[in-house]
Structures are given as C-alpha cells and as structure tokens.
Amino acid sequence: FRNPVIVPAGVHGRDGPTIREVGRSGVAGICTKTIVSRPSPDVLPCFSAVKSGMLNAVFGSDRTSEYWFTEGIKTAKEGEAIVIANLAGFSPEEAAELAAKAAAAGADMIEIPTHCPHMGEILMAMYPGLEMPEPKLADVAPMQRTVQLVKQAVKVPVVVKLSGSFLHLAREWARGVKEAGADGIVCSDAYGPALKIDIRTGEPALGGPRGVGGLTGPAIMPLTLRMVLEIASTVDLPIVGVGGVETAADVVEYLMAGATLVGVCTAGHLKGPVRYTRLLRDSIPVADPKHRCSPAEVRGLALSRIRERKEKSLVAVTRPVVPAVDEEKCTACRRCEEACAYGSMRVREWPGSRGKKARARAELCIGCGLCVSVCPERAISQ
C-alpha cells in the first residue's frame with residue numbers, strides 16, 4: 001500500500017467505475033461493497049445522519065456477483081487503488097467459491113465480513129419463512145472454517161473484518177482468526193442495532209421492521225480504537241483500524257494503537273471523496289507541529305507507553321496532578337472553566353499574567369484531566 005489510508009466497504013465501492021474514480025483521491029485501497037450470490041434490495045430509507053455519525057441499513061452490493069466477476073472488478077482495477085473484494089457466502093463453501101472467482105477477476109485481496117447486527121430481522125421480514133437466528137458471538141468456529149476454505153481457494157491475502165458486536169471478545173476472535181490462517185484483521189464493522197426517530201412523525205428514520213441499522217462515524221471510534229489495541233497486543237497480524245476517522249489525528253491514533261492501515265468510510269460518504277484527499281494532505285499533529293511523521297514512527301506507540309506505565313508502576317495514579325497552562329497559547333476561551341465541575345479552573349487576570357488567562361487552583365483540583373482534553377489550543381498539560 002502506498003499510504004496507510006483505505007476506503008472500507010461502502011458507497012464508494014458500489015461498482016467498478018466508482019472505485020476507479022475514487023481511487024484518484026489518493027487512497028491506497030478500496031473495498032467493494034459486500035459481494036453475495038443473491039443480492040437483496042435495501043429497505044428505504046437506508047441512510048440517516050445522526051449527531052455523531054450515520055446509521056445504515058445496507059446489506060451489501062445490489063449488483064450481482066456475475067457483474068463483479070466479469071466487469072466490476074476489471075473496471076475497478078483500471079484505477080490507482082488496490083482493489084479489495086469484500087464478500088460473504090451463505091456457507092463457508094459458497095464464500096470460498098466467491099473468493100476464487102473474485103481473485104480470478106483480479107482482486108488484490110479478499111475481505112470476509114463477520115456479523116451484521118441489523119441484517120437478520122430485515123431479511124426475515126422481507127422473506128417470510130427465512131430463518132436467520134442471531135449467531136453465537138463467542139463461537140469462532142464457523143468463521144474459522146470459512147477462512148480455511150477461502151485460503152485454500154485463493155493465493156491473494158485474506159483478511160477478516162470483525163463486527164463491532166465482538167467488542168468484549170476482540171482477543172478471542174483475533175486468536176481464532178489467526179489460527180484459521182487469516183493474513184490480517186479489519187476492525188471493526190458497524191455497531192448496533194441502533195435507532196433514530198423522527199420526532200415530527202414518530203417514525204424510525206430507517207426502513208425495516210423497527211427502522212434499526214448499524215452505527216458508524218465518530219461515535220464508535222473510542223470503542224473500535226480499544227479493540228484495535230487489544231488485537232495488536234494479542235496477535236502479530238496486520239490490522240486495519242476502521243471507525244470514525246475524520247482527520248489526520250484520527251489516523252495517527254489508530255496507528256499508535258497498532259494498526260497497519262486505517263479505513264475511512266463515513267467521513268467520505270457524508271463529505272464526498274475530496275475528504276480522502278484532504279485527509280491525506282493534512283499535516284499530522286504530533287509533539288512538534290513542524291514535523292510530518294511517518295506511519296512507521298508512530299505505529300504501536302501507545303502499546304509501548306502502556307508497557308512503560310506498568311514498568312514504572314504508574315498503572316493506577318491516585319494522587320492529583322494539577323494541570324499546567326501555557327499562557328502563550330491560552331486565548332481565555334473559558335472552555336476549561338466551563339468543563340471543570342470542581343471550580344478549579346478559572347479565567348481572569350492573574351498577578352503577572354498579560355490579560356485574562358486560565359489557571360488551576362491546586363486546592364480544588366482533583367486531577368481529573370478533563371480540562372486538558374477540552375482545550376482547543378492544547379494550552380493545558382498534565
């Protein structure tokens with residue numbers, strides 16, 4: 001990959017021409033929407049913006065697998081980005097058959113999704129008599145069988161995309177995926193089922209029985225970031241961090257957690273492919289703002305810092321550390337004062353200060369750290 005940014009399965013992988021054109025944005029790779037043997041129409045509306053991202057009730061590609069294997073992947077390969085075929089079978093054997101055809105058509109990599117939290121109830125409503133019981137989230141065996149058969153069927157790399165439903169089982173799934181022979185892990189798919197209601201009508205915002213869908217965007221990033229960290233500390237496979245990326249700083253967080261590549265989907269969907277180009281051009285904000293760091297410089301840094309905490313017996317600091325304010329950077333915006341529930345942070349003209357500045361009153365500060373994270377100027381440290 002020419003850079004660490006790819007586009008996961010979504011609207012910008014809907015067909016070959018779209019992948020070819022979006023590849024001009026500079027991203028290193030693009031996934032197809034999920035290729036299946038029997039595509040189903042999406043329940044409409046299938047997208048809805050929410051305060052912290054987006055909900056979707058999309059199944060996968062509305063194009064036939066035959067389209068992808070005869071035309072779609074071939075057209076996508078005319079672009080500049082690596083083409084990743086995301087595909088799912090109704091059985092491990094069918095998944096292997098689809099993978100073999102995708103690789104023969106020119107796909108550079110195969111991605112196998114796991115659990116989609118909103119799909120079952122919608123399909124059962126659309127097709128009376130269809131039984132799609134919820135999978136046992138701790139049962140990795142069916143996915144392992146799929147990975148093994150797909151690996152036998154293709155020579156290109158095979159990666160598994162974990163569901164956000166595995167939030168509390170990330171380590172177990174990572175071990176299971178590696179044992180099955182996967183070449184990498186993508187983490188994660190949407191969280192859910194999630195709901196939004198239109199208060200003007202009382203109607204759920206999305207179609208389907210309950211109008212539920214998968215949640216993507218900034219809301220899920222802290223959860224997915226933690227999953228990436230858990231996986232990186234458990235197995236030595238390449239990881240693609242996916243979920244909530246909007247800025248270059250978000251990319252760096254995933255790299256620091258141990259990701260090799262970072263997927264950007266919702267931001268590009270809501271703001272257009274130009275968002276990918278701008279993200280790649282943004283300078284990465286690290287300690288020295290004039291230094292544009294490389295992915296290799298920051299990858300896994302958080303894992304090292306966590307080990308250092310343990311070595312220095314700083315895993316549970318309980319004595320307050322009063323924050324310091326860089327008065328040259330402070331603009332007296334009062335965000336820290338507003339957020340401080342203990343009355344410690346105050347903005348006023350202090351003896352020796354030039355104009356109004358923020359300072360912490362040590363006798364009231366409990367060292368909670370919230371002021372550090374809300375300061376827009378990065379003027380507060382702890």
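The legends below describe an overall view and several close-up views of one predicted model.

This is a predicted model, in which local features need pLDDT of at least 70 and side-chain atom pairs count only at pLDDT 80 or more, while totals for chains, interfaces and linings use all residues. Residues are numbered from 1 along each chain as its sequence is written, and side-chain values use heavy atoms, with hydrogens and water left out.

**Figure 1. Overall view of the protein, with its 14 helices and 16 strands.** Helices (H or I, at least four residues) and strands (E, at least two) are DSSP runs, numbered from the N terminus. The radius of gyration of the protein, taken over C-alpha atoms, is 23 Å, close to the 21 Å that the globule rule gives for 382 residues, so the protein is as compact as a globular protein of that length; the rule itself is 2.2 Å times the number of residues to the power 0.38. The C-alpha trace spans about 75 × 50 × 40 Å along its principal axes. Of the 382 residues, 47% are buried, where buried means under 20% relative accessible area, exposed over 50%, and partly exposed in between (1.4 Å probe, protein chains only).

**Figure 2. Close-up of helix 6 (residues 170-179) and what covers its buried residues.** The buried residues of this helix are A170, W173, A174, G176 and V177. They cover an arc of only 165° around the axis, which puts them on the same side of helix 6; the arc is that of the directions from the helix axis to the C-beta atoms. Their cover, counted by contact (heavy atoms within 4.5 Å), includes helix 5 (141-153), strand 7 (158-162), strand 8 (184-187) and helix 7 (221-232). Helix 6 is followed by G181, whose phi is positive, near 105°.

**Figure 3. Close-up of K161 in strand 7.** K161 is buried yet has no salt bridge, and the nearest side chain of opposite charge, that of D189, is 4.1 Å away. A salt bridge is a side-chain nitrogen of Lys or Arg within 4 Å of a carboxyl oxygen of Asp or Glu; for charge, Lys and Arg count as positive and Asp and Glu as negative, whereas His and the chain ends are not counted. Leaving aside residues up to four places away in sequence, K161 touches a set of residues including P8, N86, E111, T114, S188 and D189.

**Figure 4. Close-up of helix 8 (residues 248-257).** Because 7 of its 10 residues are buried, helix 8 is largely enclosed by the rest of the structure. These buried residues are A248, D250, V251, V252, Y254, L255 and A257, and the helix is followed by G258, whose phi is positive, near 120°.

**Figure 5. Close-up of C330, in a structure with 0 disulfides.** A disulfide is a pair of cysteine sulfur atoms within 2.5 Å. The sulfur of C330 lies 6.4 Å from the closest cysteine sulfur, in C336, too far for a bond, and C330 counts as buried at 10% relative accessibility.

**Figure 6. Close-ups of two cis peptide bonds, from L44 to P45 and from C187 to S188.** Omega is near -5° for the bond from L44 to P45, and P45 is found in the loop between strand 2 (29-31) and strand 3 (47-50). Omega is near 5° for the bond from C187 to S188, and S188 lies in the loop between strand 8 and strand 9 (191-195).
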